Amino acid sequence: MIALTKGLDNKCCDCGVALHKREIDGELDGRYSDYGEHEQGDMHLKFCSGCWGRIKEILKRDQGDAILKRKELEREGAKKEIPKLDFPDVAIDDIRTPDPNGVGM
Ligand SMILES: [Zn+2]
């Protein structure tokens, strides 16, 4: 059992699989803002090759593709979960508007 787990000191922050160091295909290192928990901090994320490749593909696509994907999910009747919005009484366009007083997140 020790031989099977030796060196599995990392994990993919997307799919959660344990990784040997040589299996890490991409990393993100920087600041984060958690709007739900109202906190900020630093984060260092590691990814397996499959998840890193998928993230890079998503980043290459433009916003029009993202809107079409959302419309497709809505048409399918949420076969896949559509991201939930915490502020149902607020219009979608208002949610990511910066706080004019600069005190909130
Ligand atoms: Zn992964």
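How do strand 3 (residues 26-34) and strand 4 (residues 39-47) pair, and over how many bridges? They run in the antiparallel sense, and their pairing covers 9 bridges; two strands count as paired once DSSP finds at least two bridges between them. One of those links puts Gly 30 opposite Met 43, its bridge partner in strand 4.

Some ground rules help here. This is a predicted model, in which local features need pLDDT of at least 70 and side-chain atom pairs count only at pLDDT 80 or more, while totals for chains, interfaces and linings use all residues. Residue numbers start from 1 along each chain as its sequence is written.

Taken as a whole, the protein has 4 helices and 4 strands. These are DSSP runs numbered from the N terminus, with helices being H or I of at least four residues and strands being E of at least two. Walking along the sequence gives the pattern α-β-β-β-β-α-α-α. Just 4% of the 105 residues count as buried; that label takes 20 or more other C-beta atoms within 10 Å of a residue's own, while 12 or fewer makes it exposed and anything in between partly exposed, with C-beta atoms placed from the backbone. As for contacts (C-beta atoms, placed from the backbone, within 7 Å), 40% of those between residues at least 6 apart in sequence join residues at least 24 apart.

Back to the hairpin: strand 3 and strand 4 have 4 residues between them, and His 38 is found in that loop. His 38 shows a positive phi of about 55° despite not being a glycine. Most residues other than glycine have a negative phi. His 38 is also exposed, because it has 9 other C-beta atoms within 10 Å.

Leu 19 belongs to strand 2 (residues 18-19). With 19 other C-beta atoms within 10 Å, Leu 19 is partly exposed. Leaving aside residues up to four places away in sequence, Leu 19 touches several others, among them Leu 8, Cys 12, Ile 24 and Cys 48. Its C-alpha atom is separated by 9.7 Å from that of Thr 5, 14 residues apart along the chain.

Then there is helix 3 (residues 63-75), whose 13 residues reach 18 Å from first C-alpha to last, close to the 18 Å expected at 1.5 Å a residue. That expected span is 1.5 Å times one less than the number of residues. Helix 3 lies largely in the open, because the number of its residues that are buried is 0. Just after helix 3 comes Gly 77, with a positive phi of about 70°.

Terms used. Two residues are in contact if their C-beta atoms, placed from the backbone, lie within 7 Å.
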